[in-house]
Amino acid sequence: MSEPNPYADGEYKWGPAQQSGTPAPGTPAAGVPQYDFPPPTLAEGQSFTPPGYGYPPPQAGVPHPVPMGGQGGGAPLVTLGDITVVGDSIITPSGTLPLRGAVWNATDMSRTEEKIPTHAIILAIIFFIFCLLGLLFLLMKEKTTTGFIQVTVTSGGKHHAAMIPAHDPGTFQMVMSQISYARSLSAM
């Protein structure tokens, strides 16, 4: 490995080949951007500072984007099915309702059934033949919740109802906590 490089011309060079200060073909000149789109234009009196970590801090006089939405705009405060409370309005598929003075109701139309699953009956029969402990499989229970919770809102002479599917017995309590929050917003 002590052999010199036969392709080197004796002078050590780092980077692209340059001769007497002129750049090699295809090498951009110093200070010239290497992209082909125009640099950003700034309003008079503003200076461009590249962002650091995350977003740059807000600057005075620079317009900020406004979120799209209903009359109130902003992020949704509470969502119940297809009913969304945003700012000072309630957005539904049947139109936008005013939030102030809205009347909220919920009706639990779900049911929870408890039954012995089929595999427990089969295991009880099989193990009953071998030992009497197979009857313990009949103690296995399976709960299933089906149905919907109906949420209605009335405001400004308009009415809308939403059906929220119930997946477990705690769904109605979750919906009622959201409705109590929506009621508190309507009372403001």
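Two strands count as paired when DSSP finds at least two bridges between them. Keep that in mind on this tour, because bridges and their partners are what hold the description of the sheet together here. The model on the screen is predicted.

**The whole chain**

Start with the whole chain in a cartoon view. There are 2 helices and 7 strands in the chain. Followed from the N terminus, the elements come in the order β-β-β-β-β-α-β-β-α. Of the 188 residues, 19% are buried. Among contacts with a separation of 6 or more, 52% are between residues 24 or more positions apart. Now switch on the surface: the chain exposes about 14400 Å², and carbon and sulfur atoms supply 63% of that area.

**The open sheet**

Select residues 76-80, which are strand 1, and residues 95-98, which are strand 4. They belong to an open sheet of 4 strands, with the order 1-2-3-4 and antiparallel pairing. Which strands stand at the edges of this sheet? Strand 1 and strand 4 do; each has a single partner strand, so one side of each lacks a neighbour in the sheet. On average, and with direction ignored, neighbouring strands here are turned by 20 degrees against each other.

Next select residues 83-86 and residues 89-92, which are strand 2 and strand 3. These two run antiparallel and are joined by 3 bridges. Show Val 86 as sticks: the residue opposite, in strand 3, is Ser 89.

Move on from strand 3 to strand 4. How many bridges join strand 3 to strand 4? There are 4, and this pair runs antiparallel. The two strands form a hairpin, with 2 residues between them. Show Ile 90 and Leu 97 together: Leu 97, in strand 4, is the bridge partner of Ile 90. While looking at the strands, a general point may help: in a regular strand, side chains alternate between the two faces of the sheet.

**The helix across the sheet**

Select residues 171-186, which are helix 2. This helix lies across strand 1 and strand 2, and runs at about 135 degrees to strand 1.

**From strand 4 to strand 7**

Return to strand 4 and select Gly 95, which has its place there. Beyond residues up to four places away in sequence, Gly 95 touches Ile 90 and Lys 158. Add His 159 to the selection: Gly 95 and His 159 are 64 residues apart along the chain, and their C-alpha atoms are separated by 9.4 Å.

Now centre the view on Lys 158, found in strand 7, residues 158-165. Is Lys 158 buried or partly exposed? Its relative accessibility is 37%, so Lys 158 counts as partly exposed. Apart from neighbours within four places in sequence, Lys 158 is in contact with Gly 95, Thr 96, Leu 97 and Val 153. Thr 96 is 62 residues away from Lys 158 along the chain, with 8.9 Å between the C-alpha atoms.

Stay in strand 7 and select Ala 162, which is found there too. Ala 162 is buried, with a relative accessible area of 4%. The cut-off for buried is under 20%. Leaving out neighbours within four places in sequence, the contacts of Ala 162 are Leu 80, Asp 82, Ile 83, Ile 149, Gln 150 and Val 151. Draw a distance from Ala 162 to Ile 83: it is 7.1 Å from C-alpha to C-alpha, for two residues 79 apart in sequence.

**A salt bridge**

Select Arg 111 and Glu 113, whose side chains meet in a salt bridge at 3.0 Å, N to O. The structure holds 1 salt bridge. In general, side chains of opposite charge can pair when their charged atoms come close. Arg 111 counts as exposed at 52% relative accessibility, and Glu 113 is partly exposed at 39%.

**A nonpolar patch**

For the last stop, show the surface again and colour Ile 116, Ile 121, Ile 122, Ile 125, Ile 126, Phe 127, Phe 128, Ile 129, Phe 130, Leu 132, Leu 135 and Leu 138. Together they make a nonpolar surface patch of about 1200 Å². One of them, Ile 126, lies in helix 1, residues 118-130. Ile 126 has a relative accessible area of 39% and is partly exposed.

Conventions
Residues are numbered from 1 along each chain as its sequence is written. This is a predicted model: local features need pLDDT of at least 70, side-chain atom pairs count only at pLDDT 80 or more; totals for chains, interfaces and linings use all residues. Side-chain values use heavy atoms; hydrogens and water are left out. Axes are lines fitted to C-alpha atoms, for helices over the stretch in contact, and angles run from 0 to 180 degrees between N-to-C directions. Contact means heavy atoms within 4.5 Å. Buried means under 20% relative accessible area, exposed over 50%, partly exposed in between (1.4 Å probe, protein chains only). Accessible areas come from the Shrake-Rupley method with a 1.4 Å probe; for residues, only the protein chains shown count as cover. Patches are made of residues with over 30% relative accessible area and no salt bridge: like charges are joined within 9 Å, nonpolar side chains (Val, Leu, Ile, Met, Phe, Trp, Tyr) within 5 Å. A salt bridge is a side-chain nitrogen of Lys or Arg within 4 Å of a carboxyl oxygen of Asp or Glu.
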